[in-house]
Amino acid sequence: MPIRCAASAIAKKVLSMNKFVCIHGHFYQPPRENAWLEVIEQQDSAWPFHDWNERISYECYGPNGASRVLDKERSIINILNNYSRISFNFGPTLLHWMERNAPEAYKAILQADKESIERFSGHGNAMAQVYNHIIMPLASRRDKETQVKWGIQDFTYRFGRKPEGMWLAETAVDTETLEVLAEQGLTFTLLAPRQAKAIKRIGTDSWQEVAGENIPTHRPYSYKLPSGKTIVLFFYNGAVSQDIAFKGILADGGKLANQLIAGFNSEYTENQLMHVATDGESYGHHHRHGDMALAYCLELIDKNPEIHLTNYAEYLSKNTPEWEVEIHQNSSWSCVHGVERWRNNCGCNSGMNPGWHQKWRAPLRETLDWLRDKLYLVYEEEILRFCNQPWLLRDAYITVLLNRNEQTVNAFLETYCTANLTPAERTHILRMLELQRHALLMYTSCAWFFDDISGIETTQVLQYADRAIQLTESETNHRLEQEFLQRIAKAVGNVPEYPDGEVIHKHFVQPSRLTLSRVGSHYAVASLFEDFPETLTICNYRAESEYYERIEAGSFRLATGKTHIHSLVTQSVRTFFFAVLWLGEHHIIGNSTGHMEEDEFFNMKKEITKAFTDSQVADVIGVMQTFFGPDKFSLWNLFKDEQRKVIRLIINKDVQAAEEAFRRIYYQNYNILSVMDGASIPVPQVLIKNLENVINSDIRHFFENGNMYPSRLEKLANDAIRWKVDLDKTAISFAASTKLYQQMRLLEPNEQTLRTIDTLIRIFDVMNQLDIELDLWEFQNEYFRKGSRYNRDYFQTYFKEEQDAANWLKKFHEIGMHIQVKLPVFLAN
């Protein structure tokens, strides 16, 4: 049901007009988290960003929450939240990532939905989505229901209201899927025009075939379900949607607006909905600055007195379907063969690898279906010991996923399972539920979408499958891995180095497989470099040391301990004993065991400590082998991101020493270099490289360390220009942009901050002088947010004298000139 609210001035726009526009963005990324760590590891292909989620958030999700509107001089005159005026859905797994890793963009999305409720007669812009983007017609009825229920629960948790509509992954549809949506109280969904088969006016018997894309898309349609329920289907305008996604129309927001307006039929007397749907990533990721084209388009349409922006729920509340539709079963928006792209070699692919086949799709689907059915049996068999409704338990598990903590888990188990569970039984139930969660994640659609089974999207779902197999084999007597590998070997790809699914699984998936013992090894190595190593959180694990000692001898370090590793997901606990030795650089040797008597541990600790303090490295290693055996771990047992972190820590001391040496040489030779320069005497190349290192380093440190004295930066800039230094503009820009944004966030109107404004202005002058392009997106957002509040009454709170306020505002205006932002207070003057 829509949220009822007081109508705003926007909502009072007359609705008697018959032209309505709705732009829908489907914002989605596949889950990329490591199946064991629950975090996204470094993805080098996304450089300079950590991973693809981070990169796309920077290019698209963030900008659409604060999109620029420019004047003819290309200055920013407004910053708009596009989400507040378009229909949109975000994948639940993506929102889960954004909540933790892109909080400002996440907040903008939630706020936009609240604003749209005011704007659109109590109906929010946000739509729900099936949980992890599986192809619904190819799913079992049981999985369909969980996908929809989890999608609804996730939406309600985030947006604070029930969804009215739901986006289907790839708009893939069949009648059973629509039945599930209707059963859960959803009223509508969106489809592509070619998914319609026939239409008729309600109350008549004459069906009209609408082959291809011939269905009139300007109206909603009712679809009758076998249960007697109905659901409303909207069919978006395919031609304009294609222009947005693939034909470059986002180069000009005005053209987009004109094309949308041109889509109305002047002969229709009934209300018309001109609506389009594309991947939301079109607006910024696929098309640079596509968010700005969208913002300008929305501004033009919103100001047109003959057209009303709307969303699907609002339009449906005022326009009851008068037509009925039949659909093509098992159809989608991205495969002309229906849903074959996700189970067959149908010919649909990226087009980037001519000559490649996709014969691997069928055996991949068949293997995962086989595994799913086996996992159903395992899950039911195990859970029925504690709960007589295992599938209700799975559906309710979303409450734990949304807010995983001890209180939530306790309440969940108390509600659905037998009383007085032992810790081992609690862990067993949680592991069975995780088994089912990964069985759902392994069907994420992107695994079949692209060209080869060796792609990162496919190896990701194989990782989820492997996690489910691991949980099965660790908790039960069922053995699935051998047959799984035999079956997946039939999925033959195109890359000679990775010819089939079994090879790919062994090369990409099995090395990622994690146990609590491996987490323990990671902890032992990481503890060598942490300031407070006794207790560490490692992704979704917590390490707590009952005994821990770290000692140093020169550049060597030795750590010993007895540590408990806790899984924050399944509440599993494992104790292990370890000793780990760092010999400088990347040379790390460690041993561990899960079984050692305490007396034995302390004897080991005593012997190894004596050998270490006596500088007998060979004896240290000998003690480790005596007590732990031959199996060792090293730096390379660390998880990928932690490896890089530790390596940076290892080399950081030497980097600092090198910088100091360069700086000392620079200052010792500064005067002679000046003399040589004045006499046009060539400076030795080694000294040129030295001063380049120093000046680049000192400019970065100016922004990274403490207070900023602009005269210091100006001197460095003059030296850089004088010596024609090859500046590391990327690194300097990053450091400067970060610091400037921090300063803008702290800036408030008062006499003391005039000096801060002068510093900012002088820094902008230097950056222009050095031709360094700053990333001002966050700075501009904060400047516009603060400046939009400023007026005469506002300044009376901060300044006693009107002239003081005027002086401050004048300086603040200068900042806007440097960053090309014109605030309303200045535009009005």
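In this predicted model, strands β16 (residues 541-553) and β17 (residues 556-567) run antiparallel to each other and are joined by 12 bridges. One such bridge can be followed by eye: Ile 551 has Leu 558 of β17 as its partner. The two strands belong to an open sheet of five, ordered β15-β16-β17-β18-β19 and paired in the antiparallel sense. At the edges are β15 (535-538) and β19 (588-593), and each has a single partner strand, so one side of each lacks a neighbour in the sheet. From one strand to the next, the twist averages 25°.

Aromatic rings offer another feature to look for. Across the whole structure, 42 aromatic pairs are found. In one of them, Tyr 523 and Phe 578 meet edge-to-face, with 5.9 Å between the ring centres and 90° between the planes. Tyr 523 comes from helix α19 (residues 516-527) and Phe 578 from strand β18 (residues 573-582), so this pair ties together parts of the chain that are 55 residues apart in sequence. Tyr 523 and Phe 578 are both buried.

A further pair joins Phe 799 and Trp 808; the planes of these rings stand at 50° with the centres 6.5 Å apart, so the pair counts as tilted. Here, too, both residues are buried. Rings can also gather in a group: one aromatic cluster consists of Phe 27, Tyr 61, Tyr 83, Phe 88, Phe 90, Phe 155 and Phe 159.

Finally, some rings have a charged partner. Arg 142 lies over the face of Tyr 376, at 4.8 Å from the ring centre. Likewise, the charged end of Arg 341 is placed over the ring of Phe 449, 3.6 Å from its centre.

Key:
Residues numbered from 1 in each chain as written. Predicted model: local features only at pLDDT ≥ 70, side-chain atom pairs only at ≥ 80, totals over all residues. Heavy atoms only, no water. Pairing = 2+ DSSP bridges. Helix = DSSP H or I, 4+ residues; strand = E, 2+ residues; numbered from the N terminus. Axes fitted to C-alpha atoms, helices over the stretch in contact; angles between N-to-C directions. Phe/Tyr/Trp six-rings, centres within 6.5 Å; stacked < 30°, edge-to-face > 60°. Buried < 20%, exposed > 50% of the residue type's maximum accessible area, 1.4 Å probe, protein only. Lys NZ or Arg CZ within 6 Å of the ring centre and 35° of its normal.
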